[in-house]
Amino acid sequence: MTAVDRSDVHTPEQGGSPLTTKPRAPRAGAGQADRSAPSFGPDSDPLDVIRWALKAHPDVLMPSAFNLNGVVLLDLAVRAGYRGEVVFVDTGYHFPETLQTQGRLAARYPELTFVTLNAGAHPEDGQTPHDLYATDADACCAVRKVAPLQAYLRRKAPSALLNARSRDQAATRADIPFVEAGARVKVNPLAHWTRERLEAYARDHDLPVNPLYWDGFLSVGCWTCTRAVRPGEDARAGRWAGKGKTECGLWAGGNAL
Ligand code: SF4
């Protein structure tokens, strides 16, 4: 593993500029709101959204990469009564801190079932050339991340997914609704929560946030494709920086879940 670049980190705790993301105009690309869902508003309590999801979609399933949003959603989901699976894809390139966060969450929430797809994957396992992330990150994500989860979801066939995306994470997520229509309904209870609110919730509830987050890795993916965020950047600006890529393909694009 290469050394992690943390030289440009400026967290509020360190006295740096706040890394606040600003409201922005909606962009094309977000899923269409599910008009059969209740008319949740910006001030709706995520717990109410999750409770609705559990009733409307008892087979709802939660994929997670254990970022700040995901950890908060997981805690809220348990409070709302979720007792299902938390599904994580091991690409073989995750930070040790991410895998440790998964372990801490599994210990904290024994009522949930933590599922790891592709467990034990590693860069030399032959699934892809070991450096495909550098030459064709879309292809690498498609094989190592999207395909395993798509295959699992085809087997489980949940009618809905609980997802932790929020509008202020990135311009491409600026208009996601609470409930997105589609073959699989996507329920986004944190759509309107800001990063500051998520952090406050995590602190108030002493949640096991990935320690990289507090080093400026506001969105943590594979170590090969993630850097710390710089002041003023979107929370996801450290993902595939300089590669013209903003999403792994799970939530946007032709093979989205
Ligand atoms: S984030 Fe990078 S290493 Fe991970 S699956 Fe995508 S391209 Fe491959």
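Here are legends for three close-ups of this predicted model.

**View 1. Helix α1 meets helix α2.** This one zooms in on α1, residues 46-56, and α2, residues 68-80. Their axes come within 9 Å and cross at roughly 60 degrees, which makes α1 oblique to α2. As for handedness, the crossing of α1 and α2 is right-handed. On the α1 side, look for P46, L47, I50, R51 and L54; α2 answers with L76, A77, R79 and A80. Sort the residues of this contact by character and you get seven nonpolar, two charged and no polar.

**View 2. The shell around the ligand.** Here we've moved in on the ligand, which has 13 residues surrounding it. The closest are Y133, C140, C141, C222 and C225. Helix α5, covering residues 137-156, gives the most to this shell, chipping in five residues. By character, the shell around the ligand splits into eight nonpolar, three polar and two charged residues.

**View 3. An open sheet of three strands.** Reading across the sheet, the order is β4-β6-β5, and the pairing is mixed. Strands β4 (160-162) and β5 (179-180) sit at the edges, each pairing on one side only. For a closer look at one pair, follow β5 over to β6, residues 185-187: the two run antiparallel and are joined by two bridges. One residue pair to pick out here is V179 with its bridge partner in β6, V187.

Definitions and conventions. Residues are numbered from 1 along each chain as its sequence is written. This is a predicted model: local features need pLDDT of at least 70, side-chain atom pairs count only at pLDDT 80 or more; totals for chains, interfaces and linings use all residues. Axes are lines fitted to C-alpha atoms, for helices over the stretch in contact, and angles run from 0 to 180 degrees between N-to-C directions. Helices (H or I, at least four residues) and strands (E, at least two) are DSSP runs, numbered from the N terminus. Angles under 35 degrees count as roughly parallel, over 145 as roughly antiparallel, 65 to 115 as roughly perpendicular and the rest as oblique. A crossing is left-handed if the near helix is turned anticlockwise from the far one by less than a right angle, and right-handed if clockwise. Two residues are in contact if their C-beta atoms, placed from the backbone, lie within 7 Å. Ala, Val, Leu, Ile, Met, Phe, Trp, Tyr, Cys and Pro count as nonpolar, Asp, Glu, Lys and Arg as charged, and the others, Gly among them, as polar. A residue is near a molecule or strand if its C-beta atom, placed from the backbone, lies within 6 Å of it. Two strands pair if DSSP finds at least two bridges between them.
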